[in-house]
Amino acid sequence: MTAMAVVKGIPEGASVVIPRLFCRDVAAEIDFCKKTFDAEERVRRAGPDGTAAHALLTIGPAMIMIEAEWPGMATRAPKPDGSSPVVIYIYVEDVDATVERAMAEGAQVLFAVSNQFWGDRIGWVMDPSGHVWTIATRIEETTEEERKDRWSSALAQSDAGSASKSV
(Lines give C-alpha, C1' and ligand atoms only; values in the text may rest on other atoms or scores of the structure.)
Protein backbone atom coordinates (compact mmCIF):
# COMPACT_ATOMS: atom_id res chain seq x y z
CA MET A 1 0.00 0.00 0.00
CA THR A 2 1.43 3.40 -1.00
CA ALA A 3 1.22 6.47 1.16
CA MET A 4 -1.03 9.14 -0.21
CA ALA A 5 0.74 12.43 -0.93
CA VAL A 6 -0.40 15.47 1.00
CA VAL A 7 -1.92 17.99 -1.39
CA LYS A 8 -2.16 21.65 -0.47
CA GLY A 9 -5.55 23.28 -1.03
CA ILE A 10 -3.81 26.30 -2.58
CA PRO A 11 -1.07 25.26 -5.01
CA GLU A 12 2.46 26.38 -4.22
CA GLY A 13 3.17 29.75 -5.84
CA ALA A 14 -0.47 30.38 -6.88
CA SER A 15 -2.27 33.67 -6.41
CA VAL A 16 -5.22 33.28 -4.06
CA VAL A 17 -7.43 35.31 -6.44
CA ILE A 18 -6.88 34.80 -10.17
CA PRO A 19 -8.98 36.89 -12.57
CA ARG A 20 -10.09 35.00 -15.69
CA LEU A 21 -10.57 37.15 -18.78
CA PHE A 22 -12.76 35.61 -21.46
CA CYS A 23 -11.87 36.67 -24.99
CA ARG A 24 -12.78 36.02 -28.58
CA ASP A 25 -9.06 36.02 -29.52
CA VAL A 26 -6.98 34.56 -26.69
CA ALA A 27 -3.66 34.97 -28.51
CA ALA A 28 -4.32 38.68 -29.11
CA GLU A 29 -5.12 39.24 -25.40
CA ILE A 30 -1.95 37.38 -24.39
CA ASP A 31 0.08 39.65 -26.70
CA PHE A 32 -1.64 42.77 -25.31
CA CYS A 33 -0.80 41.78 -21.73
CA LYS A 34 2.80 40.86 -22.60
CA LYS A 35 3.49 44.07 -24.52
CA THR A 36 1.58 46.43 -22.21
CA PHE A 37 2.27 45.01 -18.75
CA ASP A 38 5.41 42.91 -19.38
CA ALA A 39 3.32 39.85 -18.50
CA GLU A 40 5.10 36.52 -18.50
CA GLU A 41 3.37 33.60 -20.19
CA ARG A 42 3.50 30.50 -17.98
CA VAL A 43 1.02 28.19 -19.74
CA ARG A 44 -0.75 28.20 -23.12
CA ARG A 45 -3.16 25.50 -24.21
CA ALA A 46 -4.85 25.03 -27.55
CA GLY A 47 -8.53 24.28 -28.01
CA PRO A 48 -10.06 21.67 -30.33
CA ASP A 49 -9.44 23.91 -33.37
CA GLY A 50 -5.74 24.36 -32.53
CA THR A 51 -5.97 28.04 -31.60
CA ALA A 52 -5.08 29.31 -28.13
CA ALA A 53 -7.95 28.59 -25.72
CA HIS A 54 -6.31 29.08 -22.31
CA ALA A 55 -3.27 30.81 -20.88
CA LEU A 56 -1.86 31.55 -17.46
CA LEU A 57 0.16 34.74 -17.23
CA THR A 58 1.93 36.51 -14.41
CA ILE A 59 2.14 40.26 -14.09
CA GLY A 60 4.65 40.83 -11.33
CA PRO A 61 3.65 38.45 -8.54
CA ALA A 62 -0.01 38.26 -9.65
CA MET A 63 -1.60 35.67 -11.92
CA ILE A 64 -4.23 36.16 -14.59
CA MET A 65 -5.89 33.60 -16.86
CA ILE A 66 -6.92 34.31 -20.44
CA GLU A 67 -9.70 32.05 -21.67
CA ALA A 68 -11.70 31.43 -24.84
CA GLU A 69 -15.48 31.47 -24.66
CA TRP A 70 -16.77 27.94 -24.11
CA PRO A 71 -20.02 26.87 -25.79
CA GLY A 72 -22.57 25.75 -23.24
CA MET A 73 -20.88 27.67 -20.41
CA ALA A 74 -22.00 31.04 -19.05
CA THR A 75 -18.74 32.69 -20.04
CA ARG A 76 -18.76 35.54 -22.52
CA ALA A 77 -16.17 37.99 -23.71
CA PRO A 78 -17.11 41.62 -23.05
CA LYS A 79 -18.49 43.82 -25.80
CA PRO A 80 -15.80 46.24 -26.97
CA ASP A 81 -17.80 49.27 -25.81
CA GLY A 82 -16.43 49.92 -22.31
CA SER A 83 -19.46 48.37 -20.60
CA SER A 84 -17.60 45.51 -18.91
CA PRO A 85 -18.92 45.08 -15.35
CA VAL A 86 -15.41 44.24 -14.13
CA VAL A 87 -12.46 46.63 -14.07
CA ILE A 88 -9.00 45.32 -13.27
CA TYR A 89 -6.92 47.68 -11.10
CA ILE A 90 -3.22 47.20 -11.78
CA TYR A 91 -0.25 48.95 -10.19
CA VAL A 92 2.74 49.67 -12.43
CA GLU A 93 5.93 51.66 -11.95
CA ASP A 94 5.05 54.26 -14.63
CA VAL A 95 1.36 54.73 -15.43
CA ASP A 96 2.02 57.23 -18.23
CA ALA A 97 4.40 54.93 -20.11
CA THR A 98 2.12 51.91 -19.56
CA VAL A 99 -0.94 53.74 -20.92
CA GLU A 100 1.14 54.78 -23.94
CA ARG A 101 2.10 51.13 -24.54
CA ALA A 102 -1.54 50.09 -24.15
CA MET A 103 -2.58 52.68 -26.74
CA ALA A 104 0.15 51.45 -29.11
CA GLU A 105 -1.40 47.97 -28.75
CA GLY A 106 -4.86 49.24 -29.70
CA ALA A 107 -6.34 50.17 -26.31
CA GLN A 108 -8.80 53.05 -26.09
CA VAL A 109 -8.40 55.59 -23.28
CA LEU A 110 -11.61 55.82 -21.25
CA PHE A 111 -10.25 58.15 -18.52
CA ALA A 112 -7.12 60.22 -19.14
CA VAL A 113 -4.20 59.76 -16.77
CA SER A 114 -4.55 62.09 -13.78
CA ASN A 115 -3.65 62.39 -10.11
CA GLN A 116 -6.25 61.18 -7.60
CA PHE A 117 -7.05 62.34 -4.05
CA TRP A 118 -5.90 59.08 -2.44
CA GLY A 119 -2.35 59.35 -3.83
CA ASP A 120 -2.47 57.34 -7.06
CA ARG A 121 -2.01 58.59 -10.61
CA ILE A 122 -4.43 56.56 -12.75
CA GLY A 123 -5.77 56.13 -16.25
CA TRP A 124 -8.51 53.82 -17.56
CA VAL A 125 -8.15 51.94 -20.82
CA MET A 126 -10.26 49.42 -22.66
CA ASP A 127 -8.11 46.80 -24.37
CA PRO A 128 -8.95 45.56 -27.88
CA SER A 129 -10.86 42.60 -26.38
CA GLY A 130 -13.16 44.92 -24.41
CA HIS A 131 -11.64 44.44 -20.94
CA VAL A 132 -11.30 47.60 -18.86
CA TRP A 133 -8.13 48.27 -16.87
CA THR A 134 -7.40 50.98 -14.31
CA ILE A 135 -3.66 51.47 -14.54
CA ALA A 136 -2.14 53.11 -11.46
CA THR A 137 1.12 54.33 -9.98
CA ARG A 138 1.36 55.43 -6.36
CA ILE A 139 2.75 58.97 -6.34
CA GLU A 140 1.98 60.05 -2.78
CA GLU A 141 1.46 58.31 0.55
CA THR A 142 -1.64 59.75 2.22
CA THR A 143 -3.26 59.21 5.59
CA GLU A 144 -6.87 58.16 5.98
CA GLU A 145 -7.62 61.63 7.36
CA GLU A 146 -6.11 63.31 4.26
CA ARG A 147 -8.13 61.02 1.99
CA LYS A 148 -11.36 61.81 3.90
CA ASP A 149 -10.69 65.57 3.74
CA ARG A 150 -9.81 65.47 0.04
CA TRP A 151 -12.89 63.35 -0.72
CA SER A 152 -15.14 65.78 1.19
CA SER A 153 -13.64 68.71 -0.75
CA ALA A 154 -14.14 66.90 -4.07
CA LEU A 155 -17.78 66.16 -3.21
CA ALA A 156 -18.37 69.77 -2.14
CA GLN A 157 -16.90 71.03 -5.44
CA SER A 158 -19.03 68.54 -7.35
CA ASP A 159 -22.19 69.66 -5.50
CA ALA A 160 -21.33 73.33 -6.06
CA GLY A 161 -20.80 72.67 -9.78
CA SER A 162 -24.11 70.83 -10.06
CA ALA A 163 -25.97 73.61 -8.21
CA SER A 164 -24.54 76.35 -10.42
CA LYS A 165 -25.54 74.46 -13.59
CA SER A 166 -29.14 74.12 -12.44
CA VAL A 167 -29.58 77.84 -11.67
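A crossing of two helices is left-handed if the near helix is turned anticlockwise from the far one by less than a right angle, and right-handed if clockwise. The model toured here is predicted, with local features requiring pLDDT of at least 70 and side-chain atom pairs pLDDT 80 or more, while totals for chains, interfaces and linings use all residues. Residues are numbered from 1 along each chain as its sequence is written, and side-chain values use heavy atoms, without hydrogens and water.

Select first the four strands of the open sheet, ordered β1-β4-β3-β2 with mixed pairing (strands are DSSP runs of E, at least two residues, and helices runs of H or I, at least four, numbered from the N terminus; pairing requires at least two DSSP bridges). Because β1 (20-23) and β2 (40-46) each have a single partner strand, they form the edges, and one side of each lacks a neighbour in the sheet. Neighbouring strands are turned by 15° against each other on average, direction ignored (axes are lines fitted to C-alpha atoms, for helices over the stretch in contact, with angles from 0 to 180 degrees between N-to-C directions).

Next, select β1 with β4 (residues 62-68): the two pair in the parallel sense over four bridges. R20 has M65 of β4 as its bridge partner.

Add helix α1 (residues 26-37), which lies across β1, β2, β3 (52-59) and β4 and runs at about 15° to β3.

Finally, select helix α2 (residues 95-104), whose axis comes within 8 Å of that of α1, crossing at roughly 150°. The two helices are therefore roughly antiparallel (angles over 145 degrees), and α1 passes α2 in a right-handed crossing. F32, K35, T36 and F37 of α1 meet T98, R101 and A102 of α2 (contact means heavy atoms within 4.5 Å).

Key
Angles under 35 degrees count as roughly parallel, over 145 as roughly antiparallel, 65 to 115 as roughly perpendicular and the rest as oblique.
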